[in-house]
Amino acid sequence: MLRLTLASLHLLALGIGLGAIWTRALAFRGPLDRDGLRRLLQADAWWGLAGLLWIGTGLARLFLATEKATGYYLQNHVFWTKMALLVGLLALELGPMVTLIRWRVGLARGETPRTDRAGRFAAISFVQAGLVVLMLLAAAAMARGYGVARG
């Protein structure tokens, strides 16, 4: 039952995350009026939730060996490609994350956020959506046995 639960939550996080990052990218394009900011921050919250769920279930699946032994993953070059994509995605997230946290704090104080970098963050979000799709392709390849040295 744990295996099914973790796998299901992992896939659910993918769906939530891909939808959320795409929605966030579109919302960054504006207009960033009151309603636009609300949509943007909601999409970002869903993206954050999906990320926590995705990484949490992924780590659990890896270290609890619910699918395959941990060694299978650690010796699989497709797994490491997937992890490199994740690191890239997380590195790209630093700027938007810090900025959106500042915007949330400012809005709570009644301030108007500076949105001059919104176009850049939209582009970053679209790139992140592409990285999620590439991670999905890597996961599908791993599930079919790719990446393991044949001996």
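This report describes the fold, a helix pair, the nonpolar cores and three buried residues of a predicted model. Residues are numbered from 1 along each chain as its sequence is written, and side-chain values use heavy atoms, with hydrogens and water left out. Because the model is predicted, local features need pLDDT of at least 70 and side-chain atom pairs count only at pLDDT 80 or more, while totals for chains, interfaces and linings use all residues.

**Overall fold**

The protein chain has five helices and zero strands, where helices (H or I, at least four residues) and strands (E, at least two) are DSSP runs numbered from the N terminus. The order of elements from the N terminus is α-α-α-α-α. Along its principal axes, the C-alpha trace spans about 60 × 30 × 20 Å. Of the 151 residues in the chain, 38% are buried; buried means under 20% relative accessible area, exposed over 50% and partly exposed in between, with a 1.4 Å probe and protein chains only. Contact means heavy atoms within 4.5 Å. Among contacts between residues at least 6 apart in sequence, 82% join residues at least 24 apart.

**Helices**

Helix α2 (residues 34-63) packs against helix α4 (residues 77-108) at an angle of about 145 degrees, and their axes are 11 Å apart. Axes are lines fitted to C-alpha atoms, for helices over the stretch in contact, and angles run from 0 to 180 degrees between N-to-C directions. The crossing of α2 and α4 is left-handed, meaning that the near helix is turned anticlockwise from the far one by less than a right angle; clockwise would be right-handed. Residues of α2 in this contact include Leu-37, Asp-44, Trp-47 and Leu-62, and those of α4 include Phe-79, Glu-93, Trp-103 and Arg-104. By class, the contact has 14 nonpolar, no polar and three charged residues. Here Ala, Val, Leu, Ile, Met, Phe, Trp, Tyr, Cys and Pro count as nonpolar, Asp, Glu, Lys and Arg as charged, and the others, Gly among them, as polar.

Helix α5 (residues 118-143) has 26 residues and reaches 37 Å from its first C-alpha to its last, close to the 38 Å expected at 1.5 Å a residue. That expected span is 1.5 Å times one less than the number of residues. Just after α5, Gly-145 has a positive phi of about 90 degrees.

**Nonpolar cores**

A nonpolar core is a set of buried Ala, Val, Leu, Ile, Met, Phe, Trp, Tyr and Cys residues joined through side-chain atoms within 4.5 Å. The largest has 13 residues, of which Trp-47, Trp-54, Leu-89, Val-132 and Met-135 touch the most other members. Elements giving two or more residues to this core are α1 (2-28), α2, α4 and α5. A second, separate core of eleven residues includes Leu-40, Leu-41, Trp-103 and Ile-124. Leaving aside neighbours within four places in sequence, Leu-89 is in contact with Trp-47, Gln-128, Leu-131, Val-132 and Met-135.

**Three buried residues**

The contacts in the table leave aside neighbours within four places in sequence.

| Residue | Place | Relative accessible area | Contacts |
|---|---|---|---|
| Thr-66 | loop between α2 and α3 (70-74) | 14% | Leu-2, Arg-3, Leu-6, Arg-61 |
| Ala-50 | helix α2 | 1% | Ala-13, Ile-16, Gly-17 |
| Thr-99 | helix α4 | 6% | Arg-117, Phe-121 |

The C-alpha atoms of Ala-50 and Ala-129 are separated by 13 Å, with these positions 79 residues apart along the chain. Thr-99 and Pro-113 are 14 residues apart in sequence and 9.3 Å apart in space, C-alpha to C-alpha.
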